[in-house]
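I opened this one to see what sits where, and kept short notes as I went. Entries follow in the order I looked things up.

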Amino acid sequence: MNQVKRHVETKFIHGSQRVAAGSGAVNTPIYLSSTFHQNSFDSFGPFDYSRSGNPTRQALEDKIAELENGTRGFAFASGMAAISSALLLLSAGDHVLVTGDVYGGTYRFVSEVLKRYQINHTFVDMTDLDETARAIQSNTKAIYIETPSNPCMNITDLAGLVKIAKANNCLTFVDNTFMTPLYQNPLEHGADIVLHSATKFLSGHSDVIAGLAVTRDESLGEKLAFIQNSFGAILGAQDSYLLLQGIKTLGARLNQSSQSAQVLVDYLNAHPLIEKVYYPGLTSHPGHTIHQRQAKGAGAVFSFQLPNREIAKAFVEHVQIPVFAVSLGAVESILSYPTTMSHAAMPQEEREKRGITDGLLRFSVGLEYTNDLIADFHQALQAAKKHVGISISV
Ligand SMILES: *Cc1c(COP(=O)(O)O)cnc(C)c1O
């Protein structure tokens with residue numbers, strides 16, 4: 001029987017492992033076992049010890065490999081564990097190019113940990129391919145990309161960067177957290193490793209901290225498997241199960257949240273108190289065309305700029321539905337303030353160079369009724385305007 005073609009949204013639910021062998025359970029069993037009995041003295045079974053491999057984690061690793069069209073998947077204890085483990089593929093004396101507005105935790109790992117092991121780096125604005133190519137050194141072994149980036153949604157041309165990487169024998173790593181396999185498949189653009197903070201959209205319920213990695217070719221997969229087992233920052237069986245459950249609804253969740261994001265963005269874009277909206281779905285976004293070429297959706301995260309800190313504060317204090325917190329990609333909308341949350345460690349001058357002003361807020365759209373969110377934004381903006389007594393004419 002020929003297999004019916006499966007779109008990625010079908011694969012979220014039915015992977016190649018459809019039901020558990022034996023019982024027919026539609027959900028993957030949680031194997032809470034650190035060790036596995038070996039039936040034969042001479043040849044051991046597929047699992048021996050759960051750091052090296054666990055059937056529940058294996059189901060998740062196979063699932064993400066299939067979704068990203070890679071050869072091998074890996075599940076880690078956090079997004080940072082996945083990212084750090086992948087960067088441990090580098091050796092002393094190597095150099096890595098990193099996107100300038102990289103996730104704060106990655107910034108910290110590269111600049112404060114890798115450096116101590118003589119693995120050096122250059123941060124570069126990857127929206128500019130020429131500048132990126134010029135930053136390559138004779139010992140550059142990897143290029144590390146995030147697109148869209150956080151919080152200003154800068155877009156990097158994946159195929160363009162992969163071309164530069166290949167011409168210089170560099171590996172390409174892509175953090176695909178914001179897009180997920182629903183909207184963007186970096187391996188198809190020639191990237192070597194795709195990384196996820198699965199804490200965000202893949203899990204989707206603000207309950208799990210997890211990271212995933214997928215390699216394009218088998219030999220790199222072998223190397224990352226070796227590091228995963230050596231370093232040992234693996235995801236436990238119960239969290240692997242929760243993540244498998246989260247992935248099942250990813251298509252419905254992200255499509256719905258992205259639709260709401262577009263409606264909210266259009267509302268904010270027309271609001272006189274809003275100075276700027278950052279969202280790759282806007283035709284006015286400088287990376288819009290490139291993003292459309294390499295991704296199937298604009299996603300559920302956007303940022304918007306209010307005139308100053310005081311108005312941003314009043315907005316946050318008056319908005320009622322979203323939680324005010326770090327993180328993103330959940331069923332509940334999450335409002336965050338990059339200046340004191342994700343980018344607190346960055347000096348003000350560096351922040352402002354990147355567009356992260358004291359009036360900037362980031363919003364991750366959840367699954368609430370869209371018009372409730374609009375109404376909430378509307379009343380909070382009105383209140384913020386009144387609260388500051390407004391010398392601004394709106
Ligand atoms: C949250 C996040 C990470 C880090 O993931 P953790 O699961 O928190 O360790 C890395 N990259 C991006 C883009 C993120 O949003």
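Before anything else, a word on element names: helices (H or I, at least four residues) and strands (E, at least two) are DSSP runs, numbered from the N terminus. With that in hand, I put N69 in the loop between α2 (55-67) and β1 (72-76). I should also note that I am working from a predicted model.

**Entry: odd backbone angles**

I stayed with N69 and checked its phi, which is near 55 degrees, a positive value in a residue other than glycine. Most residues other than glycine have a negative phi, and most peptide bonds are trans. Is N69 buried, exposed or partly exposed? I read a relative accessible area of 41% for N69, so I wrote it down as partly exposed, since that class runs between 20% and 50%.

Q118 went on the list too: it is not a glycine, yet its phi is positive at about 60 degrees. I found Q118 in the loop between α4 (104-113) and β3 (120-124). I added N169, which follows α6 and has a positive phi near 55 degrees.

Next I looked up peptide bonds. The one from T147 to P148 is cis, with omega near -5 degrees. The one from N150 to P151 is cis as well, with omega near 0 degrees. Where does P148 sit? I traced P148 to the loop between β4 (140-146) and α6 (158-167), and P151 is in the loop between β4 and α6 too.

**Entry: H343**

P151 led me to H343, because heavy atoms within 4.5 Å count as a contact and H343 touches N150 and P151, along with P338, R351 and I356, leaving aside residues up to four places away in sequence. I located H343 in the loop between β11 (334-336) and α13 (348-353). H343 has 6% relative accessibility, so it counts as buried, the cut-off being under 20%. Its side chain is joined to that of S342 by a polar contact of 2.8 Å.

**Entry: α6**

Back to the helix after that loop. Which residues of α6 are buried? I noted L158, G160, L161, V162, I164 and A165. An α-helix has 3.6 residues a turn, so residues three or four places apart point the same way. I then checked what those buried residues of α6 pack against, and got α5 (129-134), β4, β5 (171-175) and α11 (288-294). At the start of α6, I saw a side-chain oxygen of D157 reaching to within 3.3 Å of the backbone nitrogen of A159.

**Entry: H95**

I wanted to know what a second histidine does with its side chain. H95 lies in strand β2 (residues 95-99). H95 has 2% relative accessibility, so it counts as buried. Which side chains does the side chain of H95 make polar contacts with? I found T122 at 2.7 Å and Q137 at 3.4 Å. T122 and Q137 are also on the list of residues H95 touches, which includes N120, H121, A135 and N139 when residues up to four places away in sequence are not counted.

**Entry: the ligand**

I turned to the ligand and found that it sits in the largest pocket. Around the ligand I listed S78, G79, M80, I83, Y103, D175, T177, F178, S197, T199, K200 and A210. Which element gives the largest share of that shell? I noted helix α3 (residues 79-87), with three residues.

For the polar pairs, I wrote down a backbone N or O atom of G79 at 2.9 Å from an oxygen atom of the ligand. A backbone N or O atom of M80 lies 2.8 Å from a ligand oxygen atom. On the nitrogen side, a nitrogen atom of the ligand is 2.7 Å from an N or O atom in the side chain of D175. How much of the ligand's accessible area does the protein cover? I got 92% of the 380 Å² that the ligand has on its own.

**Entry: G204**

Last, a glycine. G204 is in the loop between β6 (193-197) and β7 (211-215). G204 has a relative accessible area of 0%, so I put it down as buried. I found that G204 touches R253, G329, A330 and V331, not counting residues up to four places away in sequence. I also checked G204 against D94, 110 residues apart along the chain: their C-alpha atoms are separated by 36 Å.

Key: Residues numbered from 1 in each chain as written. Predicted model: local features only at pLDDT ≥ 70, side-chain atom pairs only at ≥ 80, totals over all residues. Heavy atoms only, no water. Buried < 20%, exposed > 50% of the residue type's maximum accessible area, 1.4 Å probe, protein only. Polar contact = N/O pair within 3.5 Å; in protein donor to acceptor, adjacent residues only side chain to side chain. Near = heavy atom within 4 Å. Areas by Shrake-Rupley, 256 points an atom, 1.4 Å probe, with all protein chains shown as cover. 1 Å grid on protein atoms, 1.4 Å probe; cavity = no way out; pocket = protein on both sides within 12 Å on 5 of 7 lines; lining within 4 Å. Sits in = over half its atoms within 2 Å of the grid points.
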